[in-house]
Structure formats: C-alpha cells, structure tokens
Amino acid sequence: MPSAQNLWGELPNVSDIRTPTFVLKEQAVQLTAATKGVLRGRVVVGQSSGFFTLQLRIVAPAIESYEYTVLDVTHGIEQYPVTLTPSWGKGRPDAGVKCSDEEHFRAALATVLQDERVQRVIAALLAQSKAMGKVPVAS
C-alpha cells in the first residue's frame, strides 16, 4: 500500500504575523506591569456567526476579581480588517472603528486606551483596590 502523499503543498510561514489577539495580549501585559499587578489585563477570545470576538478587560483581583470590559474587537478568519468598539459605544452601530491593518488597529487601540473614560476607570479601580488593603504583590 502506498504511503500517504501531502497534497497541502508548502504551508505559509506565520511567524511574522501579529494577530489582533496578540496585540491585545501585549497590552494586557503592559497594564499588569504598569500597575505592578494591582490591575491585570485579560483578553477573552470567542466566536460568533463565523467571526472571532475578542474582549480586552481590566481585572481588579483585590476587589473580588471585578472585571471591566474596555473594548470589543471582531474580525473574520483573516486577521484584518477588524472592527474595534469601545465599551461606551456598545449598541451603537456608528461607534465601531474599522481598521484595515495592524498599524491602523494599534492607532485606534491607543486612542481608546488613552481615552479619559478608560483612564478614569483605571484610577477608580486602583483607588478601590488600594482601599481594600489586600493589594496583590507583583511577581
């Protein structure tokens, strides 16, 4: 009996592809480091109707692991384009920003993360975590 033949051909090298999930996870790590673990970034990945769904959340471990969703991202099987919707835009069809590539996605992401509304949430969660008196030590 002949051995199985590979009909797939040469598969693509994906080592240089930075997916939207990877970019969000980078920012989750940055938040955790910037707050010395008082707040933690978390990326939740799912799927719906053939689309990947991503959420970037802020977790406050000292406040019974309270979670705040900063933004949602959706994209098809190909990484781009993505639609980024900040938490304050949920339910508004005009609130999502369509990003055609990683550079545009990073720029839109920075705009949301640096927005005054997100900064106020971070300040509130840091203050409440400190008030709990059981702030976790970063490792």
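This briefing covers the fold, the nonpolar core and the charged contacts of one protein chain. The model is predicted. The protein has three helices and five strands, and 35% of its 139 residues count as buried. Its radius of gyration is 19 Å, whereas a compact globule of 139 residues would have one near 14 Å.

**Overall layout**

- From the N terminus on, the order of elements is α-β-β-β-β-β-α-α.
- The five strands thus sit in one run in the sequence, with one helix before them and two after, because the order is α-β-β-β-β-β-α-α by DSSP runs.
- The C-alpha trace spans about 70 × 40 × 25 Å along the principal axes of the protein.
- Take the contacts between residues at least 6 apart in sequence: 42% of them join residues at least 24 apart.

**Nonpolar core**

- In soluble globular proteins, nonpolar side chains tend to be buried together.
- Here the largest nonpolar core has 28 residues.
- The residues with the most contacts inside this core are L24, I58, V70, L71, V73, L84 and F105.
- Helices α1, α2 and α3 (116-132) each give two or more residues to the core, and so do strands β2, β3 and β4 (82-86).
- Helix α2 supplies the largest share, five residues.
- F105 is listed among the residues with the most contacts in the core. Leaving aside neighbours within four places in sequence, F105 is in contact with P20, V23, L24, V73, Y80, V82, L84 and C99.
- Among those partners of F105 are L24, V73 and L84, which also appear in the list of residues with the most core contacts.

**Salt bridges around R18**

- Side chains of opposite charge can pair when their charged atoms come close.
- The structure holds eight salt bridges.
- R18, E26, E102 and R106 are linked in a salt-bridge network.
- Within it, R18 pairs with E26, and the closest N and O atoms are 2.8 Å apart.
- R18 also pairs with E102, at 3.1 Å from N to O.
- E102 lies in helix α2 (residues 102-113) and R18 in the segment before α1 (20-34), so the R18–E102 pair ties together parts that are 84 residues apart in sequence.
- Are these side chains buried or partly exposed? E26 counts as partly exposed because its relative accessibility is 24%, and buried would need under 20%.
- R18 is partly exposed too, at 30% relative accessibility.
- E102 has a relative accessible area of 22%, so E102 is also partly exposed.

**A salt bridge between strands**

- R57 and E67 meet through their side chains in a salt bridge, at 2.8 Å from N to O.
- R57 sits in strand β2 (residues 51-60) and E67 in strand β3 (residues 66-75); the two are ten residues apart.
- E67 counts as partly exposed, because its relative accessibility is 31%.
- Strands β2 and β3, which hold this pair, also give two or more residues each to the nonpolar core.

**Aromatic contacts**

- The structure holds one aromatic pair.
- Where does R117 lie relative to W88? R117 lies over the face of the W88 ring, at 4.0 Å from the ring centre.

Conventions: Residues numbered from 1 in each chain as written. Predicted model: local features only at pLDDT ≥ 70, side-chain atom pairs only at ≥ 80, totals over all residues. Heavy atoms only, no water. Salt bridge = Lys/Arg side-chain N within 4 Å of Asp/Glu carboxyl O. Buried < 20%, exposed > 50% of the residue type's maximum accessible area, 1.4 Å probe, protein only. Helix = DSSP H or I, 4+ residues; strand = E, 2+ residues; numbered from the N terminus. Phe/Tyr/Trp six-rings, centres within 6.5 Å; stacked < 30°, edge-to-face > 60°. Lys NZ or Arg CZ within 6 Å of the ring centre and 35° of its normal. Core = buried A, V, L, I, M, F, W, Y, C linked by side-chain atoms within 4.5 Å. Contact = heavy atoms within 4.5 Å. Rg over C-alpha atoms; globule rule 2.2 N^0.38 Å.
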